[in-house]
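Visitor: I have a model open and want to read its pockets. Where do I begin?

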Amino acid sequence: CIEHILSDAEREFFNTQGYLVVENALDPEMCERLIGVLDRVDARERTESLKGRLISVPDVMGEDDALVDLVDWRATLPKVWGILGWNIYLYHSHLDVTPNESARRQDWRVAWHQDSMRVNDEIESDPRPRLSIKVGFYLTDVSKPGHGNTLIVPGSHLQNKIDCPQDGQSNPPGAEPLCVSAGSAVLVDRRIWHSRSANESELTRKVVWLGY
């Protein structure tokens, strides 16, 4: 895993933009293994009322050893400790499945936010401290907009507040879709302003998120 240690250029990019893409973090075999896990959990958790909708299942590490293997994954953990230091632990996990019919089956609304909601209400510094990061393992292709991409505002992790329209449809200035191919991992500063988005493609979006 030493070849995946955070480089100076990656550190600079993460510190200024609030995120970092690690391409080809997962090989195709691992992606297929994880997709099988997500499909099983989705089939169990998806009720009739959730048909065609985004489903997000938290605390999933006990579902399968494949998820446990991601905790110290060789392509990502060296970058996590490069950002947070050695005194780290996993505190959060969830999997997201966004069906390809989601945009047509519901009144889709963006939901701009920073992670760690209560923390942001109580810490009074400006900017607030990083504290944690999340790693998203993308199992399906979202290399183009309209695939249920995570929306981000690069550099917004250094802003406690941004101008978010309240109509549920519009996005703040500077917003862009996070476009990555299947097998990529994305590290995000918990403070970066981000939102879900509708999946208007022919694919189902599947992502595993780990919080350190």
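Guide: We take the pockets in turn, then one helix residue. Keep in mind that this is a predicted model.

Visitor: What is the volume of the largest pocket?

Guide: Start with the volume, then go to the lining. The largest pocket has about 450 Å³. Its lining counts 27 residues, and the closest to the centre are His94, Asp96, His113, Lys134 and His194.

Visitor: Which elements give two or more residues to that lining?

Guide: They are the strands β2 (55–58), β3 (92–98), β8 (194–195) and β9 (205–211). Of the elements, β3 gives the most to the largest pocket, with four residues.

Visitor: How does the lining of the largest pocket split by class?

Guide: Sort the residues by side-chain class. Here 10 are nonpolar, 12 polar and five charged.

Visitor: What lines the second largest pocket?

Guide: Use the same reading order. The second largest pocket holds about 170 Å³ of space. Its lining includes Leu84, Ile88, Tyr89 and Tyr91, along with Ser116, Arg190 and Tyr212. By class, seven lining residues are nonpolar, three polar and one charged.

Visitor: Now the helix residue. Is Gly36 buried, partly exposed or exposed, and why?

Guide: Compare the relative accessible area with the cut-offs: under 20% is buried, over 50% is exposed. Gly36 has 37%, so Gly36 is partly exposed. This glycine is part of helix α2 (residues 28–45).

Visitor: How many Å apart in space are Gly36 and Glu10?

Guide: Read sequence separation and spatial distance side by side. Gly36 and Glu10 are 26 residues apart in sequence. Their C-alpha atoms lie 32 Å apart.

Notes. Residues are numbered from 1 along each chain as its sequence is written. This is a predicted model: local features need pLDDT of at least 70, side-chain atom pairs count only at pLDDT 80 or more; totals for chains, interfaces and linings use all residues. Side-chain values use heavy atoms; hydrogens and water are left out. On a 1 Å grid over the protein atoms alone, a cavity is a set of points where a 1.4 Å probe fits but cannot get out, and a pocket is an open set with protein on both sides within 12 Å along at least five of seven lines; lining residues have an atom within 4 Å of a point. Grid points are joined across faces, edges and corners, and a volume is the space filled by probe spheres set on the points. Ala, Val, Leu, Ile, Met, Phe, Trp, Tyr, Cys and Pro count as nonpolar, Asp, Glu, Lys and Arg as charged, and the others, Gly among them, as polar. Buried means under 20% relative accessible area, exposed over 50%, partly exposed in between (1.4 Å probe, protein chains only).
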